[in-house]
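This report describes the ligand site, the pockets and the cavities of one protein model. The account begins with the term on which the pocket volumes rest.

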Amino acid sequence: MQTESQWSADYGPEEAAMRAYCEAGAKRAADLGNRGPIRFDAGGRVHQDILDAYWRCGFYVFEGVIGADELAEIEADVLDILERLPAHRGSPVDRRGRPALGADLEANTLFWARPLGDPFGGTELAGGRHPVKMFEPKAAQDAPDEVVYLILGSLQFSDAAVRAYAHPHLLAVAAAVNGDDFAPFNEAIFIKEPGRGASVAWHQDGITHWDSPDWDEGSHGFNFMAQLYGCTAANGVWVVPGSHKTGRVDIRALVAAAGTERLPDAVPILCAPGDVAITNRQVVHGSFANTSPDWRVTFNFGFHRRKSVLGVKGGGLHNAPAVYDDARIRSRARAIGYAIDARRQRFPHETPFAYRPQLGETYRWDAAARAALKDYNLLDLSI
Ligand SMILES: O=C(O)CCC(=O)C(=O)O
């Protein structure tokens, strides 16, 4: 895809302030010391320096995780997904009249927004966890009424995403952060089209554990954010470093104190194509409307500690509320087994990740497994 576009817009009256904020934020990000390739120690464990920096900042950027060939396969799938989106919200067909992606699904899969809009900020949606509305720049007159900015259950739409999901170094990080018996959360694609991509207002993820007596900085898990085209201060996710450790943050008060939604302590997650960030779900984070000329396409895949989901009543945000028992977790984790096999087939020279809860079990990635992923996100472990 041409990753620069003629659709770029600007921030209107906020343009100069936004540019200065992006520049200053990028400088602060560079000083955090939380980026580099995934490194292992002599015992094969993820290097402690990486884990320390992750827990200190609430995010870390792993550089150069996904190589050019794999990125090309992911891009081909993304182009296909974009082509197959419904012609407009609710349409059963795409722009070419073919059955649209997601039209036959039960789960809530496609999220639409006005170009450069903020669909969640300042609303009661998603439990009211996005308390402040972001500035909504004006999109070009010929922009469509709505764009898709978020796709859930994304593994069912892309074999390349399935394979990336089982990257052995990333799953080793998941085990190092959440334990060898880590559990899945959900998978998503965030699409920030130039001049159109919506903002995601400041928020902290997580709904179940904030008031638990054993709450800590890792209670609501993390998301990997794998970047197809990279991300910049203008189109990427911003994070308030360290805010995953302080409990629920009064975001409304932060914005009021700053006098602007450009939170002064926040930093952008900056990535090249193929970099993968790990972001604590409890950290205050959000992204601005993408008025830049650059696409951002992020593959999110999240993981939890088993003890954060087992026996916990979750759901309500991503799917129906339920108490998550062992059978539910096993069933949702089938995607990990399928993905490890999918990756083994495509990259036979790589040592596959050994996922401890599935040791002794066999998963085969084939047409039946692909079909079994239909609506698999009804089982997301939403805490
Ligand atoms: O990618 C984005 O813009 C927002 C990501 C986000 O809010 C999340 O993963 O919780």
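## Basis of the description

A pocket is here an open set of grid points, on a 1 Å grid over the protein atoms alone, with protein on both sides within 12 Å along at least five of seven lines. The model under discussion is predicted.

## The largest pocket

About 590 Å³ of space lies in the largest pocket. Helix H4 (125-128), strand S4 (147-152), strand S5 (183-192), S6, S7, strand S10 (276-280), S11 and S12 are the elements that contribute two or more residues each to the lining of this pocket. Of these contributions, that of S5 is the greatest, with 4 residues.

The lining of the largest pocket comprises 33 residues, and Arg129, Leu150, Phe190, His203 and Asp205 are those nearest the centre. Divided by class, this lining has 16 nonpolar, 13 polar and 4 charged residues. The largest pocket is also the space taken by the ligand.

## The ligand and its shell

The ligand is surrounded by Phe190, Val200, His203, Asp205, Asn223, Met225, Val237, His285, Ser287, Arg296 and Asn300. By class, the shell consists of 4 nonpolar, 5 polar and 2 charged residues. At least two shell residues come from each of strand S6 (200-203), strand S7 (222-227), strand S11 (285-287) and strand S12 (296-304).

Which of the residues around the ligand lie nearest the centre of the largest pocket? Phe190, His203 and Asp205 belong both to the shell and to the residues nearest the pocket centre.

## Polar contacts of the ligand

Side chains of the shell approach oxygen atoms of the ligand. An N or O atom in the side chain of serine 287 is 2.7 Å from a ligand oxygen atom. For aspartate 205, the distance from a side-chain N or O atom to an oxygen atom of the ligand is 2.9 Å. The corresponding distance for histidine 285 is 3.0 Å. On its own, the ligand has 290 Å² of accessible area, and the protein covers 95% of this.

## The second largest pocket

The second largest pocket holds about 480 Å³ of space. Two elements, helix H3 (68-84) and S4, give two or more residues to its lining. H3 supplies the largest share, 3 residues. S4 is also among the elements that give two or more residues to the lining of the largest pocket.

Twenty residues, written as 20 in the count, line the second largest pocket, and Leu82, Leu85, Arg95, Val147 and Glu193 lie nearest its centre. This lining divides into 12 nonpolar, 1 polar and 7 charged residues.

## Enclosed cavities

The structure also contains 5 cavities of 30 Å³ or more. In the largest cavity there is about 60 Å³ of space.

Its lining is formed by Ala166, Pro168, Ile340, Arg343, Arg344, Phe347, Glu350, Thr351, Pro352 and Phe353. Which element gives the most to the lining of the largest cavity? Helix H10 (residues 334-346) does, with 3 residues. The class composition of the lining of the largest cavity is 6 nonpolar, 1 polar and 3 charged residues.

Definitions and conventions: Residues numbered from 1 in each chain as written. Predicted model: local features only at pLDDT ≥ 70, side-chain atom pairs only at ≥ 80, totals over all residues. Heavy atoms only, no water. Near = heavy atom within 4 Å. Polar contact = N/O pair within 3.5 Å; in protein donor to acceptor, adjacent residues only side chain to side chain. Areas by Shrake-Rupley, 256 points an atom, 1.4 Å probe, with all protein chains shown as cover. 1 Å grid on protein atoms, 1.4 Å probe; cavity = no way out; pocket = protein on both sides within 12 Å on 5 of 7 lines; lining within 4 Å. Sits in = over half its atoms within 2 Å of the grid points. Nonpolar A, V, L, I, M, F, W, Y, C, P; charged D, E, K, R; others polar. Points joined across faces, edges and corners; volume = space filled by probe spheres on them.
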